[in-house]
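Good morning, and thank you for the time. I should like to take the group through the side-chain pairings and backbone features of one model.

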Amino acid sequence: MSSSSPFLSRRAVLAGSVSTAFVALTGCRAAVDDATSGAAAGPVRGGTLQLAASADAQPGAVLANRAGNWMWRRLVFEPLAELDDQRRPQPVLARSWTFNAARTKLVIELRDDVTFHSGRRMTAEDAVYSLEQVKDARNASQLRAVALRLRVAATGPHQVTVSMDKPSDSLFDLLHLTPIVDRDTFPRIGDGSAVIGTGPFVWKQWRPKAGITLERNPAYRVPDRPYFDKVEVSVITDPTALQAALRGGRAHLANGLTSVDIAALRSDRAFALENAGGVFYPLGLNVAAAPFDRKEVRQAVGYALDRERIKSQVFGDDALVTDLWWSPNESSYPKSLSDHYRLDLDKAKGLIARAGATGARVPIAFANLPTMKSLFEVVRYNLEQIGLAPEAVALDTAEYDARQVAGTLGPAFLLLHGMVGFSAATIVDAMPSLRTGNPSRFAEPRYDTLKAGLQQADDAARPKALADLSEYLLDSAFSHVTAVAPQYHVRSAKLTGLTTVPLGCVVATDAYLVA
């Protein structure tokens with residue numbers, strides 16, 4: 001990729017070069033060679049695919065993008081359409097679609113050969129039901145605000161019409177993230193007793209905090225697929241144990257490894273990397289809780305964060321340092337604002353002192369995951385340097401996600417959002433750190449006006465609209481992006497045919513093992 005790539009901002013360049021894996025941040029997969037040529041012999045049928053997940057499943061949050069669901073969701077469920085690595089929508093359960101001239105109405109023609117694991121045929125009513133469920137706050141979809149602006153109707157047995165008052169850049173983001181669920185059994189999905197999809201594998205057993213068993217769907221619409229007879233997903237939260245499972249052959253693919261472990265495995269030809277998209281890592285500050293009810297204190301945190309150290313120590317230099325919340329390949333990305341909060345400890349200390357916040361106790365909540373623990377250690381040191389007293393609040397991922405949705409994470413919190421590749425118009429509504437009801441409890445009329453201005457802007461007005469919103473967010477300082485980094489799954493080179501779609505979900509319809 002040439003140096004004109006939108007990822008190559010001033011602070012992304014590392015010693016005159018950029019990691020090729022990071023340049024592929026919004027792609028579906030990293031370009032790697034298999035360590036074996038056995039794939040040339042053709043697909044191998046049968047056996048068990050062994051997956052290792054760093055977080056437990058959350059079937060009740062299947063309409064949301066949760067790390068605990070990446071290893072199984074796309075094996076059991078399928079969406080109407082899916083974005084490829086160029087953000088082009090590709091049909092899955094839809095056959096085709098047509099917009100009207102004003103792009104305010106989308107008519108979707110569905111496949112007529114899709115069967116749920118219960119044996120019932122999928123119809124347009126199931127698609128309507130699924131999209132309507134996104135509107136229910138209890139289902140925790142990040143794209144609820146997008147869905148609330150849509151009117152969805154079944155206009156034929158296998159036809160759905162989506163209507164909106166104005167064109168939306170976020171529509172296919174919504175379709176990508178939303179799996180089609182079985183309207184007859186969805187109310188029982190939360191406890192794992194009825195996880196019914198249309199995908200190549202059938203949910204058989206969930207052992208909370210231990211693992212999941214899936215079995216091949218014998219009635220899958222694609223002839224002779226999938227190749228594997230079974231999938232076993234093991235929950236392994238310890239990064240050392242994750243790496244040991246890969247090296248010992250007990251896992252063919254794992255997620256949640258640390259940057260150090262990934263670097264070690266990257267150089268081993270027995271393994272390969274699957275690019276699972278990019279992740280924003282913000283530090284959120286609750287504007288309703290002291291000391292962050294003072295804007296000066298929130299701004300001081302921005303000047304205290306040593307983002308270059310975070311890039312090096314937490315992400316092994318494979319990250320983008322930026323102060324912005326937008327995907328770096330956004331066409332109107334305001335690059336000149338990306339280093340607004342340059343490291344300045346003296347300025348940060350002065351702001352803290354003037355606000356009378358020196359010595360203030362700051363509990364920082366984070367999900368108990370390897371990367372988040374490493375990120376907390378740097379942030380803790382940074383805040384101690386300017387006179388604050390940070391404390392760790394490590395939470396189980398399910399509790400963390402529930403508290404994030406409820407807005408009860410406390411005064412400060414580290415988040416991770418796998419939304420690189422989504423448009424800025426989607427991100428302002430979908431990213432938990434920024435959307436209405438954000439855990440920072442930031443809600444101002446001016447903010448709503450600027451968000452609406454971006455979402456309604458045409459191509460000519462969009463750069464100014466995004467710059468205005470960015471400047472407002474930087475000044476308000478209720479959320480600070482610490483880094484934007486690629487997310488990797490690590491697989492055995494013997495596993496071939498597996499793909500990872502944007503937002504991290506694994507697709508194993510065509511996957512098999514070679515000798």
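**Contacts, charges and rings in a predicted model**

I begin with R221, whose side chain makes a polar contact with the side chain of E78, at 3.0 Å. R221 itself is found in the loop between β9 (211-216) and β10 (230-235). Leaving aside residues up to four places away in sequence, R221 touches E78, V92, L93, R111, D113, V114 and T198.

Before going further, a word on confidence. The coordinates come from a predicted model. The protein chain has an average pLDDT of 89, and 92% of the residues reach at least 70. Residues 1-37 call for caution: pLDDT stays under 50 over that stretch, for which the model has 95 contacts beyond four places in sequence.

Let me turn to the charged side chains. In general, side chains of opposite charge can pair when their charged atoms come close. How many salt bridges does the count give? It comes to 29 salt bridges.

One of these joins D184 to R120, with the closest N and O atoms 3.0 Å apart. This pair links distant parts of the chain, 64 residues apart: D184 belongs to the loop between α5 (171-177) and β8 (201-207), and R120 to the loop between β5 (105-110) and α3 (124-134). D184 has a relative accessibility of 47% and therefore counts as partly exposed. The two residues also belong to a network of salt bridges, in which R120, D126, D182, R183 and D184 are linked.

A further salt bridge is formed by E132 and K135, where the closest N and O atoms are 3.2 Å apart. Are these two partners buried or exposed? E132 is partly exposed, its relative accessible area being 31%. K135, by contrast, counts as buried, because its relative accessibility of 18% falls under the 20% limit.

The last salt bridge I wish to show is that of D429 and R149, whose side chains meet at 2.6 Å, N to O. D429 lies in helix α13 (residues 424-430), whereas R149 lies in the loop between α4 (144-148) and β6 (150-156), so the pair ties together parts that are 280 residues apart in sequence. D429 counts as buried at 9% relative accessibility, while R149 is partly exposed at 36%.

For a sense of distance, consider G278 in strand β12 (residues 271-285). G278 counts as buried, at 4% relative accessibility. Its C-alpha atom is separated by 26 Å from that of K135, and the two residues are 143 residues apart along the chain.

I move now to the aromatic rings. A search of the whole structure finds 16 aromatic pairs. In one of them, the rings of Y129 and F186 have their centres 6.1 Å apart. Why is this pair called edge-to-face? The planes of the Y129 and F186 rings meet at 80°, and planes over 60 degrees apart count as edge-to-face, so the pair falls in that class. Y129 lies in helix α3 and F186 in the loop between α5 and β8, so this pair ties together parts that are 57 residues apart in sequence. F186 is buried, with a relative accessible area of 7%. Elsewhere, W72, F77, W203 and W206 form one aromatic cluster.

Charges and rings also meet. The charged end of R266 sits over the ring of Y488, 5.6 Å from the ring centre. The charged end of K451 sits over the ring of Y447, 4.5 Å from its centre.

Finally, the backbone. Which peptide bonds are cis? Among them are the bond from R225 to P226, with omega near -5°, and the bond from A290 to P291, with omega near 5°. P226 lies in the loop between β9 and β10. P291 lies in the loop between β12 and α8 (295-304).

Two residues that are not glycines have a positive phi. For K209, in the loop between β8 and β9, phi is about 65°. For L503, in the loop between β18 (499-500) and β19 (506-507), phi is about 90°. K209 counts as exposed, at 62% relative accessibility, whereas L503 counts as buried, at 8%.

That concludes the presentation, and I am glad to take questions.

Technical notes. Residues numbered from 1 in each chain as written. Heavy atoms only, no water. Salt bridge = Lys/Arg side-chain N within 4 Å of Asp/Glu carboxyl O. Helix = DSSP H or I, 4+ residues; strand = E, 2+ residues; numbered from the N terminus. Buried < 20%, exposed > 50% of the residue type's maximum accessible area, 1.4 Å probe, protein only. Polar contact = N/O pair within 3.5 Å; in protein donor to acceptor, adjacent residues only side chain to side chain. Contact = heavy atoms within 4.5 Å. pLDDT = per-residue confidence, 0-100. Phe/Tyr/Trp six-rings, centres within 6.5 Å; stacked < 30°, edge-to-face > 60°. Lys NZ or Arg CZ within 6 Å of the ring centre and 35° of its normal.
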